[in-house]
Amino acid sequence: MSWIMTAERPDTPDASLLRRDYYDEVASRWYGRPATEAEIEQGLTDDGAGQLALPTGHFVVGRYEGRPAACGGVLLCSSAPVIDGTSPATAELTRIYVRPFARGTGGGCALLSALEDAARCLGARRIALDTRHDLVEARGLYAKHGYREVAPYGEGPYRERWFAKEL
């Protein structure tokens, strides 16, 4: 059983379906019930996915046994300090998702590794993310891979925990 991580635009058919599944899951967990189509569409509308392409970001689709099964993005932080005069010091992880059928197979680890490599290629020296209290599995994945809780660096209704890691 193997994973293959591939850089893709976030609007390819596979990436679009994975992003839809991501919003379905996070909205359903937030509301404590299945998300409606309108709620999923609201998440997808103007979600900034277009920035997850060079030169501002990167998007990865993971395939497990040839099937699209994971996705995630990394985005250069516009408010990050500049280190060498050109490259932001920090990139942010976003839209990290592994489909249920592929959980427990190493996809989360492979996805994080691919996104950390992408962040380095974008010039980042630190990677950060925010998540919610109820996304316990995600928080466990980040902690397992060296991410440490940090002070809040933004506000929003879905931003409850913050993590970062030096690259």
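How many aromatic pairs does a search of the whole structure find? The count is five. Keep in mind that this is a predicted model, and let's take the close-ups one at a time.

**View 1. Tyr22, Tyr23 and Tyr97 form a ring cluster.** Ring pairs are what link these three tyrosines together. Look at Tyr22 and Tyr23: their ring centres sit 5.0 Å apart and their planes make 75 degrees, so we call this pair edge-to-face, a label for planes over 60 degrees apart. Are these two tyrosines buried or exposed? Tyr22 has a relative accessibility of 17%, so it counts as buried. Tyr23 has 13%, so it counts as buried too. The cut-off behind both calls is under 20%.

**View 2. Helix 1 meets helix 2.** When two helices pack, people describe them by the angle between their axes and the distance between the axes. Here helix 1 covers residues 13-31 and helix 2 covers residues 37-44; their axes come within 9 Å and cross at roughly 120 degrees. The crossing is right-handed. On the helix 1 side you'll find Arg19, Arg20, Tyr23, Asp24 and Tyr31. Across from them, helix 2 brings Glu37, Glu39, Ile40, Glu41, Gly43 and Leu44. What kinds of residues make up this contact? Six are charged, four are nonpolar and one is polar.

**View 3. Seven strands make an open sheet.** Follow the strands across and you get the order 1-2-3-4-5-7-6, with mixed pairing. Which strands are at the edges? They are strand 1 (3-7) and strand 6 (148-149), and each of them pairs on one side only. Helix 1 packs on this sheet, where it touches strand 2 (57-64), strand 3 (67-76) and strand 4 (90-98). The direction of helix 1 makes about 85 degrees with that of strand 4. Now find strand 5 (residues 126-131) and strand 7 (residues 161-166): they pair in the antiparallel sense over six bridges. Arg126, for instance, has Glu166 in strand 7 as its bridge partner.

**View 4. Strand 2 pairs with strand 1 and with strand 3.** With strand 1, the pairing is antiparallel and runs over five bridges. One bridge to pick out joins Trp3 to its partner Tyr64 in strand 2. With strand 3, the pairing is again antiparallel, this time over eight bridges. Val61 stands opposite Cys71 in strand 3. Why is strand 2 described as largely enclosed by the rest of the structure? It's because seven of its eight residues are buried. As a handy rule while you look, side chains in a regular strand alternate between the two faces of the sheet. The hairpin of strand 2 and strand 3 has two residues between the strands, and in it Glu65 takes a positive phi near 50 degrees.

**View 5. Gly108 sits in helix 3.** That helix spans residues 107-121. Gly108 has a relative accessible area of 15%, so this glycine is buried. Which residues is Gly108 in contact with, once you set aside its neighbours within four places in sequence? The answer is Val98 and Leu141. As for Leu54, it lies 54 residues away from Gly108 along the chain, and the C-alpha atoms of the two are separated by 23 Å.

Notes: Residues numbered from 1 in each chain as written. Predicted model: local features only at pLDDT ≥ 70, side-chain atom pairs only at ≥ 80, totals over all residues. Heavy atoms only, no water. Axes fitted to C-alpha atoms, helices over the stretch in contact; angles between N-to-C directions. Helix = DSSP H or I, 4+ residues; strand = E, 2+ residues; numbered from the N terminus. Left-handed = near helix turned anticlockwise from the far one by under 90°. Contact = heavy atoms within 4.5 Å. Nonpolar A, V, L, I, M, F, W, Y, C, P; charged D, E, K, R; others polar. Pairing = 2+ DSSP bridges. Phe/Tyr/Trp six-rings, centres within 6.5 Å; stacked < 30°, edge-to-face > 60°. Buried < 20%, exposed > 50% of the residue type's maximum accessible area, 1.4 Å probe, protein only.
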